[in-house]
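Biologist: Hey, got a minute to walk me through this one? Let's start with how the chains meet.

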Amino acid sequence: MKMKAITAFLVFLVILTLPFLVSAVNGDILSQAPQPKLEKAKAPAGVENKCVEEVPYMRANHMNILKTARVQVVRNGLREKYKKYSLENCFTCHRNRAEFCDKCHSYAGVEPGCFGDRGGCHYANTKK
Amino acid sequence: MSGLTLLYTLFAYVAIAVFLVGFLARIWKYATTPSPLKIPLTPAPVNSVGVVYRMVQEVGFFKSLFYSNRIIWIGGYLMHIALLITIVKHLRFFFKTTPAALAWITSFEIYVGFIFFGALAFLFLMRLVIDRTYYLSLMQDYVLLIFLMLIAATGILTKYYVRTDIIKVKQFVMGLVQFRPEAIPGDPIFIIHFTLVLLLLIYFPFSKLMHSGGIFFSPTRNQVDDAREVRHVTPWAVKG
């Protein structure tokens with residue numbers, strides 16, 4: 001009876017405190033929260049090294065920009081108008097997908113379906 | 001550290017503490033409450049494997065509800081599945097390296113927040129339009145549904161309309177998990193979402209939401225129907 005109660009209690013305790021337990025086991029308690037280190041953008045010669053929109057806006061909204069551009073290009077044929085927002089353009093400055101996009105995404109636990117190694121169509125490997 | 005960060009760090013730890021202590025105290029109370037009588041609801045399983053099977057049906061598919069009210073079952077089941085997926089998708093904020101399986105699940109875009117909100121709205125409506133449930137409904141039933149709907153609505157807003165910087169959010173949450181506070185992202189919608197969740201955590205142990213832990217302790221569902229084979233004795237009934 002008491003044994004059963006203690007077991008039930010412990011099961012719930014472990015489930016509810018799992019994030020704390022995992023971070024304790026990893027020895028992360030009291031250490032700085034990790035932050036992805038991203039490669040700096042490098043514009044090709046003759047182009048100003050400035051992202052397509054404000055950087056803080058890009059951090060939060062690039063997925064919306066890319067998805068809107070996709071729909072506008074593929075369904076409505078506005079390729080010229082949305083050229084600026086094409087993946088092709090992103091990679092002219094953000095040259096290393098693994099060190100930029102992927103680093104951030106794996107930290108956040110996101111797997112965009114666009115890329116070739118994830119079953120999508122674009123850039124099976126890092127584009128140079 | 002800004003005042004807002006300090007405020008929310010303290011608020012978060014208080015909410016988590018109230019939730020944990022409250023929830024576990026309730027579990028302890030459920031687990032140690034004697035069930036003096038053998039009252040499994042028949043037809044009942046005759047061994048413990050059967051009880052596990054019954055519990056799986058009950059917790060996994062809401063079997064009793066299915067046989068008693070199909071309409072509410074549809075709303076309730078959808079709502080709970082959507083809630084489960086939402087919770088799983090939020091787990092990525094709580095672990096330093098997101099497990100691959102979790103990232104994979106997260107990669108499916110299934111608009112689960114909208115399903116969650118819709119099912120809640122449906123359940124809210126059902127409480128009002130079915131005479132019987134209208135009569136049975138308490139203020140706290142409505143309050144909880146509205147609470148969850150607000151959380152869903154603000155979540156949908158941050159996810160699809162006024163995006164927030166997810167990296168900053170994860171930074172902040174990992175700061176809490178690692179006991180090294182980080183700055184809270186300043187987006188108002190995120191802060192409202194987070195505030196509502198913390199308030200819900202505080203209310204949780206005192207509310208009907210405790211059915212999430214309580215269901216496992218229902219005597220009519222978790223007892224073995226072996227009254228004729230084994231004498232059922234409650235420990236406190238044994239005197240000298």
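Biologist: So how many residues from chain B and from chain A does the contact take?
Modeller: Chain B puts in 42 residues and chain A puts in 37. Keep in mind that this is a predicted model.

Biologist: And what area gets buried between chain B and chain A?
Modeller: About 3500 Å², and carbon and sulfur atoms give 67% of that.

Biologist: What about charges, how many salt bridges are there between chain B and chain A?
Modeller: The count is one. The side chains of A:Asp28 and B:Lys96 form that kind of pair, with N to O at 3.2 Å.

Biologist: OK, and how many residue pairs are in polar contact across the interface?
Modeller: The rule finds 13 such pairs between chain B and chain A, both residues at pLDDT 80 or more. On the chain B side that touches chain A, helix H1 (3–32), helix H5 (100–106) and helix H9 (166–177) each supply at least two residues.

Biologist: Which helix gives the largest share of that side of chain B?
Modeller: H1(B), with nine residues.

Biologist: Now flip to chain A. What does its helix H1 look like?
Modeller: Helix H1 of chain A runs over residues 2–16, which is 15 residues. From first C-alpha to last it reaches 21 Å, close to the 21 Å expected at 1.5 Å a residue. Its buried residues are A:Ala5, A:Ala8 and A:Phe12.

Biologist: Where do those buried residues sit around the axis of H1(A)?
Modeller: They fall within an arc of 65 degrees, so they line one face of the helix. On the other side of H1(A), A:Lys2 and A:Met3 are exposed.

Biologist: And what do the buried residues of H1(A) pack against?
Modeller: Against H1 and helix H11 (211–214), both of chain B.

Biologist: I've been eyeing an arginine, B:Arg163. Is it buried or exposed?
Modeller: Buried: its relative accessible area is 12%, and the cut-off for buried is under 20%. B:Arg163 is in the loop between H8 and H9 of chain B.

Biologist: What does the side chain of B:Arg163 make a polar contact with?
Modeller: With the side chain of A:Asn64, at 3.1 Å. Within chain B, a polar atom of the B:Arg163 side chain also lies 3.1 Å from the backbone oxygen of B:Lys159. B:Arg163 touches residues of chain A including A:Ala60 and A:Met63, and chain B residues including B:Leu157 and B:Asp187.

Biologist: Different topic: how many salt bridges over all chains?
Modeller: Nine, from a search of the whole structure. One of them pairs B:Lys38 with B:Asp226, the closest N and O atoms being 3.1 Å apart. That pair links distant parts of the chain, 188 residues apart: B:Lys38 is in the loop between H1 and helix H2 (48–61), and B:Asp226 is in the segment after helix H12 (219–222).

Biologist: Are B:Lys38 and B:Asp226 buried or exposed?
Modeller: B:Lys38 is partly exposed at 28% relative accessible area, while B:Asp226 is buried at 17%.

Biologist: What does B:Asp141 form a salt bridge with?
Modeller: With B:Arg127, closest N and O atoms 3.6 Å apart. B:Asp141 is in helix H8 and B:Arg127 in helix H6 of chain B, 14 residues apart. B:Asp141 counts as buried at 5% relative accessibility, and B:Arg127 is partly exposed at 25%. Salt bridges with shared partners join B:Arg127, B:Asp141 and B:Lys208 into one network.

Biologist: Since you mention H6(B), which of its residues are buried?
Modeller: Among them are B:Phe116, B:Leu120, B:Leu123 and B:Phe124. The buried residues cover an arc of only 160 degrees around the axis, which puts them on the same side of H6(B). They pack against helix H4 (70–90), helix H7 (131–136) and helix H8 (139–161) of chain B.

Biologist: Last one, B:His193. What does its side chain reach?
Modeller: The backbone oxygen of B:Ile151, at 3.1 Å. B:His193 lies in helix H10 (residues 188–203) of chain B and counts as buried at 14% relative accessibility. Leaving out residues up to four places away in sequence, B:His193 touches B:His90, B:Ile151, B:Thr154 and B:Gly155.

Key: Residues are numbered from 1 along each chain as its sequence is written. Chains are lettered from A and ligands numbered from 1 in the order in which they are written. This is a predicted model: local features need pLDDT of at least 70, side-chain atom pairs count only at pLDDT 80 or more; totals for chains, interfaces and linings use all residues. Side-chain values use heavy atoms; hydrogens and water are left out. Helices (H or I, at least four residues) and strands (E, at least two) are DSSP runs, numbered from the N terminus. Buried means under 20% relative accessible area, exposed over 50%, partly exposed in between (1.4 Å probe, protein chains only). A polar contact is a pair of N or O atoms within 3.5 Å; within protein, one must be able to donate a hydrogen and the other to accept it, and residues adjacent in sequence count only if both atoms are side-chain atoms. Contact means heavy atoms within 4.5 Å. The arc is that of the directions from the helix axis to the C-beta atoms. Buried area is the accessible area (1.4 Å probe) that two parts lose on being put together, summed over both. A salt bridge is a side-chain nitrogen of Lys or Arg within 4 Å of a carboxyl oxygen of Asp or Glu. The expected span of a helix is 1.5 Å times one less than its number of residues.
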